[in-house]
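Biologist: Hey, I'm new to this one. Can you pull it up and walk me through a few spots?

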Amino acid sequence: MSRNMLKVMVCQFFWLAVGAQAEMRTLTLRESVALALKQNPDIVIARYEQAKARFGVQIARDPFVPKLYGGSGAAYTNGYPAAINGQPPSIFEARTIMSLYNRPQTYKVAEAREGTRTAELELGRQQDDVAWRAAVLWLDARQSAESAAVAGRQLDSLRKVKDTVEARLSEGRALPIDSKRAAFDLARGEQRVTGLADDLESAERALAVVLGFPAEDRVRAAEEDPIASQTAVQSEDAAVESSIENSKELRVLESRIQIKRLELREYKSARWPVVDLVAQYSLLAKYNFQDYFPTRFQRHNGEIGASITVPLLVGSAPRAYLGQTDADLGKLQTQASQARSRIALDTRKGYVQVRKADAARNVAKLDLELAREQVNVLLAQQEEGRASLKDVEQARIQETEKWMAYYDAQHVLDRVKLDLMRQTGTLVAALQ
C-alpha cells in the first residue's frame, strides 16, 4: 500500500469519525433560547468578566484589610548595631499595617463596586443579544425547512406537468417548445430544492453554534405556532417608554458616568491626609546590643501607632487627571443623551415595521386562500372533463408559490416582532 493511499484512508476515517459524532437535535424556540442563555460562549465569557469585576472589589479593599508579615533581620554587626532595611538587627520580627483613613482609596472601592454593576449590566445586554440571535437563527431554520418542504411538493407537480407535456407531444397535441418549457421549469425547480436544502443545513448548523454545540451538529426547529400569533404588540408610546426604561445600553452608560464621577472625587481628594495603622514586634539578639546598651537593653520590643501622611506638593498629575475625567464624563453624558434619542426613534421605526409586516402577511394569506380555491375549482372541472391534468398541476404550482410567499411574509413579521421585543427589553422574558 502506497503512502498516499494510506493518507487518503486516514483522512476518510477521520471525517467518518467526525460525521459519526455529529448530532441532530430538534428544539422549540424556547428550548433554543434557554440553551443559548446557558452555554453560549459569549455569555460564558461575560460571566468570567463579571467574576473578574467582583474580585476587583476585593483588590480595591485590600489596603483596609490588616496584613501581617513575619521574618528575620538577623545580621552580624561590628561596632554600633546599624539598622537593616530601616529596622534594627533582630532574630525575628513581625509587623502589620492597614489603612484607617484613605479617602482616594475609598473612592476606588466605590468605583470597583460600580464596576461590578456595570459588568452585571453587560452580562444582561449580552444575554439579550444572544437570545435575539438564537431566536433569529431558529426562525431562519424554520423558514428554510418550510420552504424546502413546499419546494419539494412543487417539484412533484413540475414532474407531472413534464410527463403530461411529453405524452401530449408524442400524440401530436403539443409543440416541442412546450416540452422545452416544461423541462426548464423542472430544472429550475430542482435547482431551488437543492439551494433550499443547502440553506437549511447552513441555518441549522449556525443555530447549533449559537447554542454552544459543535459546528458539526445541527439543530432543527420544531413545529410550533408562529411568534406573531403568540405575542401581543404594545402601543407605540408604551413601546418607546419600555425601550428607554429597560435599555441596558443606557444603564451601562449611566453606570460608567457614575464611575467617572467617583474618579473626579478621588482625584479631588488627593490632598487629603492618609492615616495608616502600624504595629511591629521584634526579638532582638543580645550580641548586637548588650555591649552598647548594658543597662537599658530589652530583647522584646513592640510598637503600635498611626502613620499620618499629609500631601504638601502633589504635582500636576491630579489636576490633569481631573481634566481628563471631566472630559470623559461629558462624552459619556452626550452618548447617553444620543442613545436615548436613538432608542426612541428605533422603537418607533420598529413599531411601523411590525404594522407593515402584519398587513403584508394578511395580504399574502388572502392571496394563498385565493390560489387554493382556484385549485379546488380546477379539480371540480377536471372531474367534469372541462379541465386537464396540466391545468390542475399548473394551479398547484401557483399554490405552492403562494405558500412560499406566505411563509416569507410570516417570517418577516416574526423577525420584526423579535426586533421590537429586543428593543423594548422584553425578549428574554417572553421567550423563557
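Modeller: Sure, starting with a rule: rings of Phe, Tyr and Trp (its six-membered ring) pair if their centres lie within 6.5 Å, and planes under 30 degrees apart count as stacked, over 60 as edge-to-face and the rest as tilted. This is a predicted model, where local features need pLDDT of at least 70, side-chain atom pairs count only at pLDDT 80 or more, and totals for chains, interfaces and linings use all residues. Residues are numbered from 1 along each chain as its sequence is written, and side-chain values use heavy atoms, with hydrogens and water left out.

Biologist: OK, how many aromatic pairs does that rule give?

Modeller: The count is four aromatic pairs. In one of them, tryptophan 403 and tyrosine 406 have ring centres 6.3 Å apart and planes at 80°, so that pair is edge-to-face.

Biologist: And where do tryptophan 403 and tyrosine 406 sit along the chain?

Modeller: They are three residues apart in helix α10, which means about one helical turn separates them. Helices here are DSSP runs (H or I, at least four residues), numbered from the N terminus.

Biologist: Is tyrosine 406 buried or exposed?

Modeller: Tyrosine 406 is buried, at 16% relative accessibility. Buried means under 20% relative accessible area, exposed over 50%, and partly exposed in between, with a 1.4 Å probe and protein chains only. Tyrosine 406 also pairs with tyrosine 407 in a tilted arrangement, 6.1 Å centre to centre with 50° between the planes. Tyrosine 407 is buried as well. Ring pairs link Trp403, Tyr406 and Tyr407 into a cluster.

Biologist: New topic: how do α7 and α9 cross?

Modeller: The axes of α7 (residues 248-268) and α9 come within 9 Å and cross at roughly 165°. Axes are lines fitted to C-alpha atoms, for helices over the stretch in contact, and angles run from 0 to 180 degrees between N-to-C directions. Because angles over 145 degrees count as roughly antiparallel, α7 is roughly antiparallel to α9.

Biologist: What kinds of residues make that contact?

Modeller: The contact of α7 with α9 has 13 nonpolar, three polar and 11 charged residues. Ala, Val, Leu, Ile, Met, Phe, Trp, Tyr, Cys and Pro count as nonpolar, Asp, Glu, Lys and Arg as charged, and the others, Gly among them, as polar.

Biologist: Which helix holds asparagine 376?

Modeller: Asparagine 376 is in α9 (residues 317-383), and at 43% relative accessibility it counts as partly exposed.

Biologist: How about threonine 424, buried or exposed?

Modeller: Threonine 424 is buried, with a relative accessible area of 2%, and belongs to α10 (residues 389-424).

Note on methods. Helix = DSSP H or I, 4+ residues; strand = E, 2+ residues; numbered from the N terminus. Parallel < 35°, antiparallel > 145°, perpendicular 65-115°, else oblique.
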